[in-house]
Amino acid sequence: MQNSNRLAMRLGANAGLSLVALILMLASAVRGSADPTPLRRNLKALPYKIAWECYVNGNWEICVMNADGSGKVNLTKTPGVNEHYPQISPNGKQIAYSVDTGEGRDAVRSLWVMDIHGKNRHKIADRAREPFWSPDSKTLAYLPQEYAPFNVVDYYTKGMMFYDMAIGKTTPHPNTATLHHLYNPGFSPNGKWIVATVHAGMGYSHTILLIEAHGDRILDLKIPGCRPRLSPDNKHIAWGPEDHELAIAPIDLASDTPAVGTWSLHIKDEKNKIYHINWSPDNRYVAFSRGPDGEGDLTKKGSFQAACEIIGVYAGGWNLYAVSAERTGAIDMQTATEADFAQLTTDGNSNKQPAWFSTRPAGRK
Amino acid sequence: MKRTFPLLALAALALTLTACNQSATPGNTSGGTSGNAASNSATGGGGAPVAITTKSGVAMVYIPAGSFTMGSDQGAPEEAPPHKVSVPAFLMDQVPVTNAMFEKAQLPNPSHWQESPKQPVERVRWRDAKQYCNERSRLEGLKPCYNEKTTEWDCDYTANGYRLPTEAEWEYAARGTSDGPYDFGSKDALRQYAWFAENSEAKTHPVGEKRPNSRGLYDMYGNVSVWCEDVYDPKYYAASPVDDPHGPTSPGKDVKRVLRGGNWKVSADLCRATYRQGERTGNTDACFSTDYCGLRCVRRIKPEELAQLQTAKNKG
């Protein structure tokens with residue numbers, strides 16, 4: 001009898017402990033889902049927003065959200081127009097973007113500008129691709145299309161043009177005749193250089209170049225991959241060394257012959273593609289897009305067929321993420337947790353091309 | 001009886017053109033012809049090569065209808081079993097599509113090597129190759145074969161425009177009248193016919209600089225491999241139909257398509273006419289594409305149309 005009482009007491013105690021453990025686990029789970037990670041808390045506190053290309057109800061739009069992924073807004077709301085590739089002026093006042101109309105080789109990709117709230121939309125040029133802003137926000141540069149008929153590939157460009165936003169006049173880059181098959185260009189924040197990928201052009205097989213912004217010098221940065229972005233403080237370069245990798249490394253843009261240093265951060269994902277890395281205005285974070293391999297989905301209106309990271313190609317399952325750019329070492333997205341990254345979108349509807357901007361008055365980051 | 005005259009006319013024209021084609025050089029290069037003309041045979045070798053120039057100025061070679069033994073039991077497992085195949089007559093580009101030809105279609109040239117406009121275009125994705133075919137069809141007022149609105153750009157084999165060769169067409173054209181792995185005989189002669197790892201200096205070369213095969217086709221064994229229309233299945237030969245095989249049905253996902261012919265970076269063994277390989281169709285970004293994938297167009301032709309083209313050529 002004593003033994004059976006002891007057994008009953010032990011069982012009761014065990015059950016009680018199990019119940020307590022269960023309650024603690026549940027409480028922890030509830031707290032975990034309610035409490036943002038330090039990274040997400042930090043992102044939420046930032047005075048920044050992120051614009052990106054989203055796919056809403058069978059149509060590409062430019063969307064805007066807070067830096068932690070909250071407060072998503074469809075900025076363009078144009079069911080009949082396909083907008084892509086938002087590029088924010090450094091003063092945070094305007095968005096340049098691409099608009100596709102038509103189908104197949106008859107399609108036309110145009111360059112448009114609107115203010116940061118989506119108003120005052122106007123076209124700058126037809127058959128004009130991959131806009132990028134000068135550091136003073138006064139010039140909008142772009143890459144003219146190589147031939148008149150449409151082609152979706154990203155390096156389908158020839159030359160480089162500068163559009164003066166004040167007077168509406170377009171002038172060519174002094175070395176425009178040489179510039180061929182560039183893509184994903186961007187000014188260095190010090191205004192001296194334009195960084196871009198070149199594919200099968202200018203005597204290069206494939207590389208990332210620094211092109212003198214107002215001269216004819218061209219430097220091969222000799223790093224693998226594509227789609228470079230320079231940090232606003234001129235100190236780092238972020239790019240994609242290959243389909244499943246992103247990297248950050250120092251670069252000495254003040255030098256007469258800038259070179260890329262040892263990688264400081266290496267983001268990799270064995271299963272998904274990761275692309276379109278871009279800097280926060282304070283240089284402390286990067287956002288990027290991530291999703292499974294694909295080659296477009298012709299059942300999605302407005303989509304072309306090509307590698308899914310390319311502008312105008314529907315990327316099913318792709319979402320936006322942010323990580324700290326101050327980290328060093330490697331982040332393996334297959335094993336990383338919400339402590340390492342913040343997932344900013346969740347619908348998987350071809351979310352690509354994140355572009356940060358500050359909501360503070362100009363001049364303050 | 002109604003068909004007799006065109007066929008006789010075709011035979012006469014073919015004989016007439018043989019002489020001028022023997023001295024012709026592809027793309028104004030200094031390749032010359034081998035003098036290794038195919039003999040008439042039941043395999044469809046059909047005498048000396050007959051070449052025409054298309055409306056957009058591309059030299060093509062007439063490949064008469066015929067049957068041959070496709071595959072080999074002397075090579076890799078996927079080359080077996082050897083099996084009988086028949087193909088209708090077709091025209092095939094005399095040389096692989098070059099940088100200049102690709103740019104003429106107003107398509108972005110993806111080639112690693114662009115020192116010469118006569119180098120073959122490479123790093124071409126499968127759909128880009130098909131787009132080139134459609135653009136060339138449009139340039140010449142022909143009906144494009146590929147439906148660009150379908151996921152796999154379905155091929156209409158009845159259209160009169162340009163397309164990629166089927167794997168059977170490619171091997172039939174490459175083997176000529178030979179039963180062996182090279183239509184010119186021994187592997188020792190490969191250097192005379194192909195750019196491959198042993199002589200390429202790790203790059204492509206302008207087309208037509210080597211000897212043509214017995215059908216009058218240049219660079220069939222090397223320089224760049226070319227895309228075919230067929231889905232790649234290493235076991236397909238066991239189930240292949242005899243008449244005009246188009247390859248297996250597409251599985252829809254992770255599809256590999258056939259690449260045929262040697263190229264600048266492979267060994268002599270991989271330049272064999274029976275060697276098969278499959279390649280993903282190119283989901284990767286531009287920066288990671290391959291620099292040995294090229295293309296060569298074909299189109300079906302009836303004897304009457306060939307006669308018309310040759311008549312036009314003679315008048316021109």
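Let me begin with B:Glu79, which sits in the loop between β3 (66-70) and β4 (83-87) of chain B. Please keep in mind throughout that what we are looking at is a predicted model. Is B:Glu79 buried or exposed? Its relative accessible area comes out at 0%, and therefore B:Glu79 counts as buried, the cut-off being under 20%. If we set aside residues up to four places away in sequence, B:Glu79 touches B:Gly71 and B:Ser72, then B:Tyr237, and then a group made up of B:Arg272, B:Thr274, B:Tyr275 and B:Arg276.

Stepping back to the whole of chain B, its secondary structure comes to 6 helices and 10 strands, and of its 316 residues 59% count as buried. If we take the contacts in chain B between residues at least 6 apart in sequence, 70% of them join residues at least 24 apart.

Now to the helices, where I would like to spend some time on α3 of chain B, covering residues 126-139. Taking 1.5 Å a residue, the 14 residues of α3(B) should span 20 Å, and the C-alpha atoms at its two ends are indeed 20 Å apart, so the expected and computed spans agree. This helix is mostly covered, with 12 of its 14 residues buried, and the buried ones run from B:Trp126, B:Arg127 and B:Asp128 at one end to B:Glu135, B:Arg136 and B:Ser137 at the other, with B:Tyr132 and B:Cys133 also among them. What provides the cover? The elements over those buried residues include the strands β2 (59-63), β5 (90-93), β6 (225-231) and β7 (256-260), together with the helix α2 (99-104), in chain B. Just after α3(B), B:Gly141 takes a positive phi of about 70°.

One residue of helix α3 deserves a closer look, namely B:Arg136. Its relative accessibility is 1%, which is why B:Arg136 counts as buried. Leaving out neighbours within four places in sequence, B:Arg136 is in contact with B:Ser56, B:Val58, B:Met60, B:Asp93, B:Val97, B:Met101, B:Tyr162 and B:Cys297.

Helix α4 of chain B, residues 167-175, has 9 of its 9 residues buried, so the rest of the structure largely encloses it. Among those buried residues are the charged-type names B:Glu167, B:Glu169, B:Glu171 and B:Arg175, alongside others including B:Trp170 and B:Tyr172. Just after α4(B), B:Gly176 takes a positive phi, here of about 55°.

Finally, let me turn to the interface with chain A. In it, 29 residues of chain B are in contact with 32 residues of chain A, and the area buried between the two chains is about 2300 Å², with carbon and sulfur atoms giving 47% of that figure. How many salt bridges does the rule find across this interface? It finds 4 between chain B and chain A, and one that can be described individually joins A:Glu103 to B:Lys149, where the closest N and O atoms are 3.4 Å apart. Across the interface the rule also finds 11 residue pairs in polar contact, both residues of each pair being at pLDDT 80 or more. On the side of chain B that touches chain A, the largest share comes from helix α3, the helix we have just examined, and amounts to 3 residues. The residues on that side of chain B divide into 8 nonpolar, 12 polar and 9 charged.

Note on methods:
Residues are numbered from 1 along each chain as its sequence is written. Chains are lettered from A and ligands numbered from 1 in the order in which they are written. This is a predicted model: local features need pLDDT of at least 70, side-chain atom pairs count only at pLDDT 80 or more; totals for chains, interfaces and linings use all residues. Side-chain values use heavy atoms; hydrogens and water are left out. Contact means heavy atoms within 4.5 Å. Buried area is the accessible area (1.4 Å probe) that two parts lose on being put together, summed over both. A salt bridge is a side-chain nitrogen of Lys or Arg within 4 Å of a carboxyl oxygen of Asp or Glu. A polar contact is a pair of N or O atoms within 3.5 Å; within protein, one must be able to donate a hydrogen and the other to accept it, and residues adjacent in sequence count only if both atoms are side-chain atoms. Helices (H or I, at least four residues) and strands (E, at least two) are DSSP runs, numbered from the N terminus. The expected span of a helix is 1.5 Å times one less than its number of residues. Buried means under 20% relative accessible area, exposed over 50%, partly exposed in between (1.4 Å probe, protein chains only).
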